[in-house]
Amino acid sequence: MRDWKVLLVDDEEEFVSTLAERLALRGVEVRVANNGKEALQKIEDDPPRVVVLDLMMPGLSGLEVLARIKRDYPAIEVILLTGMARSNEAGEGMRQGAFAYLMKPLSIEKLMEKIGEAMKQHTGKVD
Amino acid sequence: MDLKTNLAQTFGRLLDIPEEVPRPKRYSLIRRNITILMLLITVLPLVLMALINYHQYQSALRDEIMAPLRVLVNKTKHSFELFLANRLATVKFIASAYSYSDLADEKKLNKIFRVLKQEIEGFIDLGLIDSNGVQVSYAGPYDLKGKNYSDQTWFHQVRVGGVYVSGVFMGHRAFPHVVIAVQHLTDSGQFWVVRATIDTKRFDQLIASMGLDPQSDGFLINREGVFQTASKLYGKVLDTFPEWVPPVSYEPAVFERLDSKGRAVLLAYAYFDNPDFILMVVKPKAQVLKAWYTLKSELLLVFVGSVLVIVLLVLRLTHLLVERLKASDERRELAYREIQHSHKLSSIGRLATGVAHEVNNPMAIINEKAGLMKDLIEFTPDFPDREKFLGLVRAITQSVERCRAITHRLLGFARRMDVEIEVLNLNEVIKETAGFLEKEALHRNIRLRLHLAEGLSRIASDRGQLQQVFLNILNNAFAAIKDGGLVSVATWEIDMDRVGVSFQDDGVGMSEDTLKHVFEPFFTTKKGTGTGLGLSITYGIVKRLGGDIQVQSKPGQGTRFAIFLPKKPIEGAGNSHA
């Protein structure tokens, strides 16, 4: 088992649960949140090292969640997911300190790669 | 009121051209109506003024010409009257100064007659007639003694009026003469008549003294229209005047008439108080009004000339106006179409974005489910029918991949609508853009040279927008050069923050005036084909990308556009996902 604690945030339950299962199969310690509020709650309970965050969510939007994470937990790295329709938002997210952004549909290999890079970055920050 | 509304309606109709009239016909309608209107408002006052002037001049000139004629007639009439009054006074004097017996004595009468002839010109004879109308005595060349006049009209008239002056007649003597008779009443109620004859030579002298020119004529007629003196043109003494006898007027009057010979004449005349003569002067009108006719033809020439100038001007002006209108209509339409087109594109872009996004989410789920299936198969050691299932999953994943390609293409199209910053190699963008024009360059034998700096810094900018900018400028360069011309593109590092791109052509170049307006919207030198939007859009894009654009040009020496682009986007931007 790698020591990868990841929080997946997406309003599409089918998507997020399946993705979580796949990541778990690859030895990632995954938790899931279906909206921004829940995500912030789960981060507060037990801060992960990396958050994979969908930008398009009802209620608290991805960008808002990102801003709060960066405010309260600057060490946590955030990988943004986007349908790319509003890539301005992705750009904005990057400016606010997101680690990377990925387009849906994802390739699991690419996601694993980015999570791996983010983990390294995180470790660097913590050390 | 009615006229006013009518006029307003007519003018309104001229100005109001229905929108639904098809284009070419519409312009010819506008042209026609503006021409009519302008001609109306310019030529109408001119015509009115010309007419008014014409009449004023005519009457003024006529007065000027007719006044001397009147004076002449009046003067001559007075001379005639003076002459006759003088002769009448003489006869009256003889009648009063001498007694009946003196006058009845032929010897005495002859003596008186002799003195008379000596002193006063024109007397032919002198005689005494008693109350019975019998010639008592006579002095003169004829033997008239004893002749009885009692049944003659003049004798009765002299008895009634006391004085009688006859018209001209030939009488016994076969040359024109006038008789003057004066009645003398004695205190006892008896009366006698002194009768004298004078010849009319003096009349001719008086007429000659008017000094008329050869085409004109002067004469006396009586109220019956019988000539009392000879006329050069119309007849001898005692012939009948072939023209009309004018209405009675003792003041000199002037009429215009066509005479029996068909000449337009001015006829000046005046009636005498006594005897019933009318003095007439006839002058050919053409001659009298010569000055007027000259003036009239000059006026006409000026009028026709100015109307011609006005018509030409109006036609030319209207032509220019309508051409301008047409051109601006066309330009507006083109611009409108351009805007419509970009609106359409951006709507399509928005739609495409929406669709792509909506499809992406379920696609992501399918992708993950299939991925999970694959994972499960792979992670389970002896999965039954493992290869078959893996094949199925791969087919699903490949289909998702295809869908992804489609949605990406859609999003790529939409991306052109908004500024989309990515880190890119400027040289590559230029090469790509030049690729669009390769065919045309080949076809027109244009040398398109790229001097691209090696190792040029990558910049954060918008690929699609840059392509549009470069394409615009290259298109303009291609339009400016002849076949076989040269266009060179160069890139270089300016400083830490900026890179430069230049486009140099050897085309026609631009004047200073054109240069000033080159980035203004709707300014174009490509009459009819350009929208005047290309370079203004280019300018807008470069500015939006945080860059700058400069242009240098001289007529005949080609044009150089230089674009300076920031390496980093103005508002900062994201990593590339690609």
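In this predicted model, P105(A) sits in the loop that links strand 5 (100–103) to helix 5 (108–126) of chain A. The peptide bond between K104(A) and P105(A) is cis, with omega at about -10°. The chain around this loop has 5 helices and 5 strands, and from the N terminus on they run β-α-β-α-β-α-β-α-β-α. Chain A has 127 residues, and 46% of them count as buried. Among its contacts with a separation of 6 or more, 60% come from residues 24 or more positions apart.

Chain B has 578 residues, of which 26% count as buried. Its elements come to 13 helices and 16 strands. If contacts between residues at least 6 apart in sequence are taken, 58% of those in chain B join residues at least 24 apart.

Two loops of chain B hold a residue with an unusual backbone setting to look at. D385(B) falls in the loop between helix 8 (290–379) and helix 9 (386–415) of chain B. Its phi is positive, at about 55°, although D385(B) is not a glycine. D385(B) is exposed, because just 10 other C-beta atoms lie within 10 Å, and a residue counts as exposed at 12 or fewer. N445(B), in the loop between helix 10 and strand 11 of chain B, also has a positive phi, of about 60°, and is not a glycine either. With 10 C-beta neighbours inside 10 Å, N445(B) is exposed as well.

Next comes the sheet that strand 11 belongs to. In chain B, 5 strands make an open sheet in the order 11-13-14-16-15, with mixed pairing. Its edges are strand 11 (447–451) and strand 15 (548–553) of chain B, each of which pairs on one side only. From one strand to the next, the twist averages 15°. Strand 11 and strand 13 of chain B run parallel and are joined by 5 bridges. As part of this pairing, L450(B) has V489(B) in strand 13 of chain B as its bridge partner. Helix 11 of chain B packs on the sheet, where it touches strand 13, strand 14 and strand 16 of chain B, and its direction makes about 20° with that of strand 14.

Helix 11 of chain B is worth a look of its own. It covers residues 463–480, which is 18 residues, so at 1.5 Å a residue it should span 26 Å; the C-alpha atoms at its ends are indeed 26 Å apart. Several of its residues are buried, including L466(B), V469(B), F470(B), I473(B) and L474(B), and Q465(B), N472(B) and N476(B) are buried too. The cover over the buried residues of helix 11 includes helix 10 (426–443) and helix 13 (534–544) of chain B. Strand 12 (459–461), strand 13 (486–493), strand 14 (498–505) and strand 16 (559–566) of chain B are also part of that cover.

In soluble globular proteins, nonpolar side chains tend to be buried together. Here the largest nonpolar core has 53 residues, and V194(B), L267(B), Y269(B), L279(B) and M280(B) are those with the most contacts inside it. Leaving aside residues up to four places away in sequence, M280(B) touches G218(B), F219(B), I221(B), L267(B) and Y269(B). A second, separate core has 43 residues and includes residues of both chains: L8(A), L55(A) and A90(A), along with V400(B).

V282(B) belongs to strand 9 (residues 277–284) of chain B. V282(B) counts as buried because 24 other C-beta atoms lie within 10 Å, and the cut-off is 20 or more. Again setting aside residues up to four places away in sequence, V282(B) touches S216(B), D217(B), D259(B), V265(B) and L267(B). V282(B) and Q215(B) lie 67 residues apart in sequence, yet their C-alpha atoms are 8.8 Å apart.

L84(B) gives another case of residues brought together across the sequence. L84(B) is part of helix 2 (residues 23–97) of chain B, and it is buried, given its 21 C-beta neighbours inside 10 Å. Between L84(B) and N274(B) there is a sequence separation of 190 residues, while the C-alpha to C-alpha distance is 9.0 Å.

Technical notes. Residues numbered from 1 in each chain as written. Chains lettered and ligands numbered in written order. Predicted model: local features only at pLDDT ≥ 70, side-chain atom pairs only at ≥ 80, totals over all residues. Helix = DSSP H or I, 4+ residues; strand = E, 2+ residues; numbered from the N terminus. Contact = placed C-beta atoms within 7 Å. Expected span 1.5 Å × (residues − 1). Pairing = 2+ DSSP bridges. Axes fitted to C-alpha atoms, helices over the stretch in contact; angles between N-to-C directions. Core = buried A, V, L, I, M, F, W, Y, C linked by C-beta atoms within 7 Å.
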